[in-house]
Amino acid sequence: MADLSVELCGLTFRTPIMPGSGPNVADGTLLRAAAEGGAGGLVTHTVSTLPAPALTPYREVRGGMLNNQLWSAHPVERWIDRDYGEARAAAHAAGIPLIINIGYTTAEIATLTPKVARFADALELSLHYARTSGDLMTDPATAAYAAAHQPADYLSRSPEMLFETIRMAKRLAPLPLFVKLPILGNELVAVARACEEAGADAIVAVNAFGPCMSIDIETAEPVLTGDGMGWLSGQALKPLALRCIFDLARAVSLPIIGCGGVNRPEDAVEMLMAGASAVQVCTAALQRGPNIYGSLAAGVEAWLDQRGYASVQAIVGLGVKRWRTLVAHRQSVPVLYQEEECIGCKLCERSCHYDAIYMVDKLAEFNPERCFGCGLCVTRCPTDALLMPQVTQSGVLHPLFGTSVEAGRGGAGHAIETTGRQV
């Protein structure tokens, strides 16, 4: 059986799957449930110096979820008096680390760090940029909080302020310090490098994306309360998160914890291959409960065992290594067609805009001379009848067998001929 344990910043996680900071870990009881559900480590909900405003915070949308809960609705005093202690006991019983998430400004982190550090094995600083100016603040206390915070106060907007805040947090608490980054576009790598230079120990990437919006077409009202805006999480976020992890893995030497859209074991494997050392799960845990952490870990273990990998570490960054051997497609490369795998579902025919695939006697006929190599039919095919060849520096390879193929050879309706093996 593959070794699922992960060594990260001097801490040992029993699996690479842990909660992402959010309502799935909104108090000590839920953190204990996460530990009992198989989490490899625990991460708390973000706390700040004031509790978050009371809103209607969650709505599922196609492919994900919108939320407008900015941070924990519980005051930090309750966390200190009750929830951190319960979480600490659960982590100790399970033999896993406890990571405490705090935010968002330099002043708040200076206030919170010495208060929470005694409970933590590591700290996680959240840099998520929250909207201010009272957009969704109706409670007087949180309205005053919003009025006192301008966009520049949020650390993701100021690398210089971020640098000083990380240095300060490290002085106040000699613990591993993780920094959770939002999706920052072209600024992401520069901010991560500033984190590394300042002494951060790991990067968590990425936070939810937004602001976003959804409208109920029966009432013509936004589905979320407040100003109707919220943050997108869940499966729709995964391609963005993967790209961010991939970019960071090539830019900094810090370990990366992936977050955003992990719903299946294969999603976690993708993030690990993109360069993450571990992954966090939030939205899927909200939808399916705390046992998902152990379920995902078991799925990753099965995937590793089936393919002969001895450990999680064996696949960390594997996608980055493979990417360096690939060459960009500069010309059309036809897909590979394996007629014996065709079940006649017609999905490829419907989606081929080049008339390269058509049905004859309930089987697909393939004309490689018309194929543009766009790959849409491959993503729609429910079997291995259509496969995308791999273009590498050494030539075109079969994606399953690694054998050389001469893409485009073979008549319509016939399997592509390969060098060394008939497909």
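Which residues in α6 meet which residues in α7? The points below take up that contact and then a second helix pair, in what is a predicted model.

1. On the side of α6, the residues in question are Leu188, Val189, Ala192 and Arg193, and these meet Cys244, Asp247, Leu248 and Ala251 in α7. Sorted by class, the residues of this contact comprise 6 nonpolar and 2 charged, with no polar residue among them.

2. As for how the two helices are placed, α6 covers residues 188–198 and α7 covers residues 238–251, and their axes come within 10 Å while crossing at roughly 50°. The two helices are therefore described as oblique to each other, and the handedness of the crossing of α6 and α7 is right-handed.

3. The second pair consists of helix α8, which runs over residues 265–274, and helix α10, which runs over residues 292–306; here the axes come within 8 Å and the crossing angle is roughly 70°. Because of that angle, α8 counts as roughly perpendicular to α10, and the crossing in which α8 passes α10 is right-handed.

4. Looking at the residues that bring this second pair together, one finds Pro265, Ala268, Val269 and Met273 in α8, which meet Leu296, Gly299, Val300 and Trp303 in α10. The residues of this contact divide into 7 nonpolar and 1 polar, and no charged residue takes part.

5. When reading the two contacts side by side, a student may wish to keep the classes in view: the contact of α6 with α7 has 2 charged residues and no polar ones, whereas the contact of α8 with α10 has 1 polar residue and no charged ones.

Conventions: Residues numbered from 1 in each chain as written. Predicted model: local features only at pLDDT ≥ 70, side-chain atom pairs only at ≥ 80, totals over all residues. Heavy atoms only, no water. Axes fitted to C-alpha atoms, helices over the stretch in contact; angles between N-to-C directions. Helix = DSSP H or I, 4+ residues; strand = E, 2+ residues; numbered from the N terminus. Parallel < 35°, antiparallel > 145°, perpendicular 65-115°, else oblique. Left-handed = near helix turned anticlockwise from the far one by under 90°. Contact = heavy atoms within 4.5 Å. Nonpolar A, V, L, I, M, F, W, Y, C, P; charged D, E, K, R; others polar.
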